[in-house]
Amino acid sequence: MALKFLELVHYDKGSRIFTYVITLDGLWRFTETGKEFGIDLLSKHTMHSDVNIYIAFSGEFFIHRLKSPHRDPEDQEQETHPPAEIEGGPPLSDPPTDPNYYVLYIDNDSGTYRPNAEMLPILKKFLHRNLPGLKVITLDCQGDAAKMGKLKQEQRERKKKEGKGQVFKQDDGSSLSSSDESELEHRFDENGNVEEDEKEQAKKDRDGKV
């Protein structure tokens, strides 16, 4: 399961940041987030949740690749990509497929839902159980605001150098280029709302189960 997840987010390629929602029935929905029109549209937490009032958890996450897979990811001697450009993976070569090389940083930074930070240890336990081998670090968007902001800024800076501007979906790994903005615009009615048939298709595209 951990390897499949890493494939869906393309390992540490492009230094992307994703928004996510975990629904009450166990679906984990996520897309890349960013300022590009198509990415911003599809990465809204309300889109992921089908506008449900109640969800299990939501926020943002990103992946780092470790230079030393058996060293603590927060060790001062540990190097990661991003922000560093380290050998053995992107952008210079293919990523290693061993989940032990990766750490998942995940937070509760959702303006729509803002999950209680006291639930982060439960989220971490849930992810450890479902993504064996992958290291997990949870961040509180308020209590860890400075650290979280620094890490995300490093992601954005590295993305400017490596990113391809794509949205990755959970079902088949297909992508949507941010250059396809004009194709997305027809999906809105005259009031600026997503049309019902497009909502249904988006739901089918995003659904995945942990």
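Q: What makes the contact between the side chains of Glu74 and Lys147 a salt bridge?
A: A salt bridge needs a side-chain nitrogen of Lys or Arg within 4 Å of a carboxyl oxygen of Asp or Glu. In this predicted model, the side chains of Glu74 and Lys147 come to 2.3 Å, N to O, so the pair fits that rule. Local features need pLDDT of at least 70, side-chain atom pairs count only at pLDDT 80 or more, and totals for chains, interfaces and linings use all residues. Residues are numbered from 1 along each chain as its sequence is written, and side-chain values use heavy atoms, leaving out hydrogens and water.

Q: Why is Glu74 called partly exposed?
A: Buried means under 20% relative accessible area, exposed means over 50%, and partly exposed is in between (1.4 Å probe, protein chains only). Glu74 has 45%, so it is partly exposed. Lys147, at 35%, is partly exposed too.

Q: Why does the salt bridge between Lys152 and Glu60 tie together separate parts of the chain?
A: Their side chains meet at 2.4 Å, N to O. Lys152 sits in helix H5 (residues 145-162) and Glu60 in strand S3 (residues 57-66), so the bridge connects parts 92 residues apart in sequence. Helices (H or I, at least four residues) and strands (E, at least two) are DSSP runs, numbered from the N terminus. Lys152 and Glu60 are both buried.

Q: What makes Arg158 and Glu162 a pair within one helix?
A: Both lie in helix H5, 4 residues apart, which is about one turn of the helix. Their closest N and O atoms are 3.1 Å apart, forming a salt bridge.
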